[in-house]
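This report looks at how helices pack against one another and at some backbone features found in loops. Please keep the sequence and the structure in view while reading.

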Amino acid sequence: MSEATQVVNVYTDGACKGNPGIGGWGAWLKYGDHARELFGGEAHTTNNRMEMLAVIRALEALNRRCLIKLHTDSKYVQQGITEWIHNWKKRGWKTADKKPVKNADLWQRIDELAREHDIEWVWVKGHAGHEGNEHADALANRGVESVRSEAGC
């Protein structure tokens with residue numbers, strides 16, 4: 001496979017100690033022999049927000065249009081971006097029962113970033129020994145620990 005068509009594999013995960021609670025996100029980007037680790041967290045958040053923020057930070061880290069295979073263990077993220085988002089946008093970011101879409105701010109950012117790339121959204125079973133997912137999970141937990149250490153917990 002030539003460099004022009006080589007896929008960037010992105011593995012993302014979120015973690016939350018309490019839901020809501022202290023949360024972390026992690027992303028592992030791999031392109032050929034190159035790899036990059038990203039992680040961070042928030043003091044008061046939810047697991048779904050951390051799953052989404054991992055995707056956002058990973059896509060923001062790319063500086064040109066890429067062919068991406070994005071792996072997530074979050075059905076919420078995978079189905080949200082591939083299935084549900086189309087109707088949310090048609091309904092003005094409302095659900096089928098006319099309620100505001102939860103995490104609309106993050107969905108809108110993911111939608112914006114996703115248009116800049118060619119992405120295959122892949123769901124993987126979490127905590128099942130998948131190397132990329134396990135690595136992203138470890139990064140998300142580092143994100144939790146970074147928040148705890150900042151807060152002196």
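## Loop between α2 and α3

Is W93 buried or exposed? In this predicted model, W93 has a relative accessible area of 17% and is therefore buried, since the cut-off for that class is under 20%. W93 sits in the loop between α2 and α3, and its phi is positive, at about 60°, although the residue is not a glycine.

N103 is placed in the loop between α2 and α3, and has a positive phi near 60° while being a residue other than glycine. With a relative accessibility of 14%, N103 counts as buried.

## Packing of α3 against α2 and α1

Helix α2 (residues 75–90) and helix α3 (residues 104–114) have axes that come within 11 Å and cross at roughly 95°, which means that α2 is roughly perpendicular to α3. On the α2 side the contact is made by Y76, V77, G80, I81, I85, W88 and K89, and on the α3 side by W107, I110 and D111; by class, these residues are seven nonpolar, one polar and two charged.

Between helix α1 (residues 47–60) and α3, the axes come within 10 Å and cross at roughly 30°, so the two helices are roughly parallel to each other. The crossing of α1 and α3 is left-handed. Residues making the contact include M52, L53 and I56 of α1 and L106, I110 and L113 of α3, and the contact of α1 with α3 has 10 nonpolar, no polar and four charged residues.

## A cis peptide bond

N19 and P20 are joined by a cis peptide bond with an omega of about 15°, and P20 lies in the loop between β1 (8–17) and β2 (21–31).

How values were computed:
Residues numbered from 1 in each chain as written. Predicted model: local features only at pLDDT ≥ 70, side-chain atom pairs only at ≥ 80, totals over all residues. Heavy atoms only, no water. Axes fitted to C-alpha atoms, helices over the stretch in contact; angles between N-to-C directions. Helix = DSSP H or I, 4+ residues; strand = E, 2+ residues; numbered from the N terminus. Parallel < 35°, antiparallel > 145°, perpendicular 65-115°, else oblique. Contact = heavy atoms within 4.5 Å. Nonpolar A, V, L, I, M, F, W, Y, C, P; charged D, E, K, R; others polar. Left-handed = near helix turned anticlockwise from the far one by under 90°. Buried < 20%, exposed > 50% of the residue type's maximum accessible area, 1.4 Å probe, protein only.
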